[in-house]
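Subject: Handover of a structure for your study

Dear colleague,

Please find below the structure that I am handing over to you. My findings follow it, and I would ask you to read them with the structure open beside you.

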Amino acid sequence: MILSVENLQKNFLQGGNKLEILKGVSFNLSSGKSAAIVGKSGSGKSTLLSLLAGIDRPNTGSINLEGINLIELDEKELTVKRAQEIGIIFQQFHLLPHLKAWENVSLALDILGIGNSKVEAHKALEKVGLSERAEHFPSELSGGEKQRVAIARAIVVKPRLLLADEPSGSLDEETGDEVMDLIFSLVNSDKMAMILVTHNKDLASRCHDQYVLEHGLLAQRNN
Amino acid sequence: MNLPKFALKELMNHRRFVFFFLFNSSLAMLGLVTLENFKFSFNQVLDQRSKQILGADFSVSARRQLKGDEINYLESNLPKATKVANTTALFSMVAGTGYSRLVYLRAIEYGFPFFGHLKLREKGLYPKNVPFDSFLKPNSVWVYPELLIQLNSKVGDTLKIGNKNFIIDDVIDEDTQQTFQMGSIASRIYLSQEGIKRTELIQKGSTVWYGNYYQFTDGLDLEKLQETTRENLPDAGLWITSPKKAGQQVGRVLNYLNDFLGLVSLVALFLASVGLFYLFRSYLKIKRKDFAILNSLGMVWNDIFKLSLWHLAILGFSGSVLGLLISYALIPLTNYLVSFYLPFQLPFQINASSLIIAFGVGTVGNILLGLPLLFSQHENPIDLFQEEFTKTSKEQMKGWMWFLPWVIFYFLLAIYISNSIIIASLFLGLFLGIGILIYPLGLYLLGKISNLTSPKLYLSLAVKNMARFRFSTLSIFISLTLGAMLLTLIPQLHNNLEDELQTPSDGKAPSFFLFDIQEEQVSKLKAYLSSKDVELLGVSPMVQARIQDINGKEFKISTTGRPLTREEEREQRSRNRSINLTYRKGLSDTEELVEGTPFSGRYGGNGDEVAEISVERRYAKRLNLGLGDVLTFDVLGLLVKGKVVNIRRVRWTSFLPNFFIVFQPGVLEEAPKTFLAAIPQLNLDQRTLLPMDMFKDFPNVSMVDLTRVIKRVLLLIKQMGWALRIMAILSLLVGLLVIYSLVGHQVLDRRKDIVLLKMLGISFSDLNKTILLEFFILGFGASLMGISLGLGVSYIVSMLFFDSLWSFRPLLPLGLLVTVTGLSLLVSYLATFRVLRSRVGEWLYQN
C-alpha cells in the first residue's frame, strides 16, 4: 500500500460559518494503481488533492505515504517529502514564465540537488514528446505543450505518487485526450500510483478505482 | 453606465489595496506638502529678514542729493507709497570724554525703519514702542554700546560731533539693519535729520549717502519696480534697492539655500511620482483580469479606459486630500517641534503653492502617470486572461511614448517649483539621460548573463530572475538608481553648503577687528598687545587699487539690465573696479591652495616684469580669471601688473582679514597703505578694558567690536543649517518610502513564482537566499551606480549653481550604500515573508 488515507476532515470558516468540506474521507491506493475522484464543482475534490499533496493541512485524520504520516511532518520535512515522492500536475500548468521548458523541468531536480539535471530534463521532455521545444519559454508554447512540460516536470523526479488535478481541463478535447493518454502511459510504464481529479466520467473509467466525493464523503464506485 | 459610481464601487471592493495606496500616496503627499510649506515659511522669514535689512520695500540712494529730474521721475512713476522717509549718512570723527573715534553717523526720520527695529536699552523697541515725543531730538543721539567704552562715556554724557554737542539719549543693543559688511559693522550713531544739519559736517565735497525709502501696500512686484526704475534712472551712481537685493547682501548663501530648497522639492516630487507609478502598476496588475471580464461582457475598451481613469482620479484626489488634511492637522505639532528644535521662529503656514502641487501631482500627475500603464493593456480580452504575454518591441516603444504627457507635466511643474527653466531642464535631462544610458547597457549585460548557470540553486535562480524579467529588473534598477542618486545629491549639496557655512569653532572667532593701522604702528601695537598677553591676528597691509585691464582688455563695469541667471547676477556685482590688495609670502591658516603653485618668493624683477598674484577662487570664477592671466592695477596712478599663479580658497567665516587678490612680497611695499588686523576672543573684562586702554596709545586705530555682529551671523548660519538639515531629512524619508513601494511591487510581481517554487519543494532557505540575493544585487548595484552619479551630478550642480563649492565626505555615500541596499533587502524580506510562510495551497487554489 503506497497511500492510506483515514478519516480526513477539513473545515473552512466562511463569513463566520463553519463549512465542512471533508467530513471523514478514507481510502487506500496501491503502488502502480490509479484512482479517479469525481464530484460536482465545490464538492471538495481540489481540497482533498491539496491535502494529499501536503500543501494544505487537514483538521483531523491521517495521510500515510509509504508508511509516513504526512500530518506529523513539519513544514520543512513535508516540503522535502513532496519534492521527492509526489508529482503534481495542475489544470493551469503553473510553469515559471521566465524559465525555458527544460529549465522548468530541471528545476525539480535542482531543488533536490540531483546532478546532471539538464540531461535528465531533456530525457523527460523527450518522453513527453517535447524535445524540440526544450529551449522555448512557456509564453512561446501552446496549452498542450505547456501541460506536457508540466507533466515532464512532475515525472522527472520519478515520484511514487502522481496527483493530477483536471490536467486536461484547460485544453481542447483532442489535445486533452493526447495529454491524458500520455499521463496514463507514463503511470503504467513508471509504475507510479496516481490520483486523478476529474469531471470526465470516461477519463475516470480509465483508472483502476473510482470514487465519488459528495457532501464531504467519499464513496467508491465500481468500475 | 455611471462610470464614476462604478469606479467607486470597484475601489470599495479592493479596500486593502485602496488603504495601502492611500496610505502611501498620502504619506508622499504629506512629505511633499510639508516640504513646500517649509520652503514657503522659510522664504517668508527670509523675505521679512530682507525687508528688515533694507528697512523698507524700496530705496533709492546715492552719494549725492537726488537731482530734480530723478525726483520728478520717482514722484510721478512710483506707486503711491504708504510711508516715505529720508536718511543721511556719513563717516565722521566723534569725541567723547577725552577720546575720539571714527563712527558711522546715520540720520533718520521718525518711523524709519518701516521694517525691523532698533532695540534701545532704555526705551525698548523703536519705532514700535517709542512715541514721537521720545524720538531723537535735534541735540540727542543713540549710540552702539561699544562706543560708550571707546569714548569713555555713558548715557546722559555729551559727545562732540562736528562743532556741536549732543547728549547720549540711549544705547542701541540691536540693529536689524546691521549686516556683516565693512561699512555696516562700523559703530553707528543715530541722530535726527535736524541733528545732522546741526553738525554742519555736510559741506561741499563731503562724502555723504542720501537714502530715500518707501513702503508700499502689499503685493507689489518689488523686483520689477526695481528693474523699471533702473531702466529709467540709469546713472550708475544711484543705488536702487529692493528687499531681495538687500537680502542678497546678507550673504550669497541665502540664494544657495533658496536654490537648494527648490532642488529638494523637485527631488521629492520626482520620488513621489515614481512611488505612485509603482503603486498604480500594482493595482492594474490586480485589475487586469477584471477588465478582461468586463470587456468580454461587452464593455467597450474606451469605457474600461475611462473607468481606469476614474480609479486613478479618485485614488489620486483622495490621496491628496488625505495628505493635505494630515499635514494641516499636523501644523500645530510641526509648529511646536519647529519652535522647540529650531533656534528661530518659523511660523509654519499653509500656502497656495502646496495646494496646487498636492492636487496637481495627486490628480493630473496621477492620471498622466497612469496613461502608459493603461495603454500598455492589451485590447484583446483573451490576452488579458492569459497568465503571461509578450510584447513586441514596437508595442514597448509605444508604451514609452505614453510617458511623454507626464514628462511635459513634470517639466512644467519643475519650472513652477524651482522658478528656473535651467534647473528644471537640467533635472529632466539628467533623468532621461540616465534612463537612456542604463537601459541599453542593462539589456546587453542581462542578455550576457541570461544563460549563466551555477551549482548553487539560489544563485542560478536569482540570476535567471533578473536576466529573464529584463524589463522589470531594469525599471526597478533605474528607479532605485535615480532614487539613490537623488538621495546622494541632497545631503551632498547640503554638505557643500554646510562647508560654506562653516563657522569658527568656539573661542576662535575674533573679538575685535582693527583697521586704519599705520605701518609704523604695527610693531608697537604687537608689542603693546603682547604685554597684555593678547596676540594680534592676521595683520595684513591693505593697498587700495583699481583694476585697469585684464589681459590687455579694458575692464568694464556693467550697470544696467536685469541679470538672467544667478551667475550673471554675481558677475555684475563683482565687476567693481575698486579693489583692496595685500601682499604676503604665502597662504594664511584660513586659506587653501586649489590650483596653481605657491609664490616663487620675493619679487625679483626691476619693475618691468610681471609680479605674481594669487586670486580667491570665487572672485576668479566671477571675473573668468585663470592661471596665467595678467591683470593691470592702478595703484594711485601707478600701473602695476600681476600674473595669476594660483587660485586659493578662503574661509571668509573666519572673520579674519582676507583679500580677493594677494601679491607676492616685493611689489606693493612702497605703495600707500594701512593695515588690518584682528584680536582674538577676549573675556568680558578684557573686552571692556582693552579698547579704553589701547586708544590712549593708538588713537587713530579704528576698532570694531565683532562680538555682536558675529553672534548675528552665526545665528543666521545656524538657522540655515537647520533648514538644510530638515529638508535633507524630509527628502530622505520620502525617498525611503518610495524605495519601499518599489521593492514591494517587485516582490508582488514574483509572488506567484515564489509559491510555485515552494510547491516544487524548494527549501525555505534556498528561496530566501534567492530573493535576498536578487534584491541585494539590484539594491547594491543600483545604489552604487546612483551614488556615483549623485556625486558626479552634485559636483556639476556645485560648479553651476553653488559657485564651485564641492566637498566630499565618504561617510555619506557609504551610509547610503548600506541603507539603500539594506532597505531593499529588508523590504523584500518583509514583503515575501507572508508568502514564504503561507501554505502553498492558499495561493494556488485561490488564484
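**The two chains in outline**

In chain B, residues 24 or more positions apart account for 84% of the contacts with a separation of 6 or more. Please bear in mind throughout that this is a predicted model. Chain B has 847 residues, of which 40% count as buried, and its secondary structure comprises 27 helices and 22 strands.

Chain A has 223 residues, and buried residues make up 51% of them. Seven helices and ten strands are found in chain A. Among its contacts between residues at least 6 apart in sequence, 69% join residues at least 24 apart.

**The sheet of chain A**

I suggest that you begin with the sheet in chain A. It is an open sheet of six strands in the order 6-7-8-3-9-10, and the pairing is mixed. Why is one side of strand 6 and of strand 10 left without a neighbour in the sheet? Strand 6 (86-89) and strand 10 (217-221) of chain A stand at the edges, and each has a single partner strand, so one side of each has no neighbour there. From one strand to the next, the twist averages 20 degrees.

Within this sheet, strand 7 (residues 161-165) and strand 8 (residues 193-197) of chain A pair in the parallel sense over five bridges. To locate this pairing in the structure, you may look for L161(A), whose bridge partner in strand 8 of chain A is A193(A).

Two helices that pack on the sheet deserve your attention. Helix 1 of chain A touches strand 3 (34-38), strand 7, strand 8 and strand 9 (209-214) of chain A, and its direction makes about 155 degrees with that of strand 8 of chain A. Helix 5 (residues 143-155) of chain A touches strand 6 and strand 7 of chain A, and its direction makes about 170 degrees with that of strand 6 of chain A.

**Helix 1 and D165(A)**

Helix 1 of chain A spans residues 45-52 and is mostly covered, since eight of its eight residues are buried. Among these buried residues are K45(A), S46(A), T47(A) and L49(A). Just after helix 1 of chain A, G54(A) takes a positive phi of about 75 degrees.

Is D165(A), which lies in strand 7 of chain A, buried or exposed? The cut-off for a buried residue is 20 or more other C-beta atoms within 10 Å. D165(A) has 23 C-beta neighbours inside 10 Å and therefore counts as buried. Leaving aside neighbours within four places in sequence, D165(A) is in contact with S46(A), L49(A), I89(A), F90(A), Q91(A) and V197(A). I89(A) is 76 residues away from D165(A) along the chain, yet their C-alpha atoms are separated by 6.2 Å.

**Where the chains meet**

The contact takes 20 residues from chain A and 21 residues from chain B. On the side of chain A that touches chain B, helix 1, helix 2 (75-85) and helix 3 (101-111) of chain A each supply at least two residues. Helix 2 of chain A gives the most to this side, with five residues. The residues on the chain A side divide into ten nonpolar, six polar and four charged.

**Nonpolar cores**

In soluble globular proteins, nonpolar side chains tend to be buried together. In this model, the largest nonpolar core has 160 residues, of which V105(A), L125(A), A152(A) and L163(A) touch the most other members. Helix 9 (residues 253-296) of chain B gives the most to this core, with 15 residues. Not counting residues up to four places away in sequence, L125(A) touches A101(A), W102(A), V105(A), L130(A), S131(A), A134(A) and A152(A). Apart from the largest core lies another, of 36 residues, including F58(B), L136(B), W142(B) and V143(B).

**A helix pair in chain B**

Finally, the axes of helix 12 (residues 352-375) and helix 15 (residues 404-418) of chain B come within 8 Å and cross at roughly 150 degrees. The two helices are therefore roughly antiparallel. Helix 12 of chain B contributes G360(B), V364(B), G365(B), L368(B), L369(B) and L371(B) to the contact, while helix 15 of chain B contributes P405(B), W406(B), F409(B) and L413(B). The residues of this contact divide into eight nonpolar, two polar and no charged.

With kind regards

Conventions:
Residues are numbered from 1 along each chain as its sequence is written. Chains are lettered from A and ligands numbered from 1 in the order in which they are written. This is a predicted model: local features need pLDDT of at least 70, side-chain atom pairs count only at pLDDT 80 or more; totals for chains, interfaces and linings use all residues. A residue is buried if 20 or more other C-beta atoms lie within 10 Å of its own, exposed if 12 or fewer, and partly exposed in between; C-beta atoms are placed from the backbone. Helices (H or I, at least four residues) and strands (E, at least two) are DSSP runs, numbered from the N terminus. Two strands pair if DSSP finds at least two bridges between them. Axes are lines fitted to C-alpha atoms, for helices over the stretch in contact, and angles run from 0 to 180 degrees between N-to-C directions. Two residues are in contact if their C-beta atoms, placed from the backbone, lie within 7 Å. Angles under 35 degrees count as roughly parallel, over 145 as roughly antiparallel, 65 to 115 as roughly perpendicular and the rest as oblique. Ala, Val, Leu, Ile, Met, Phe, Trp, Tyr, Cys and Pro count as nonpolar, Asp, Glu, Lys and Arg as charged, and the others, Gly among them, as polar. A nonpolar core is a set of buried Ala, Val, Leu, Ile, Met, Phe, Trp, Tyr and Cys residues joined through C-beta atoms within 7 Å.
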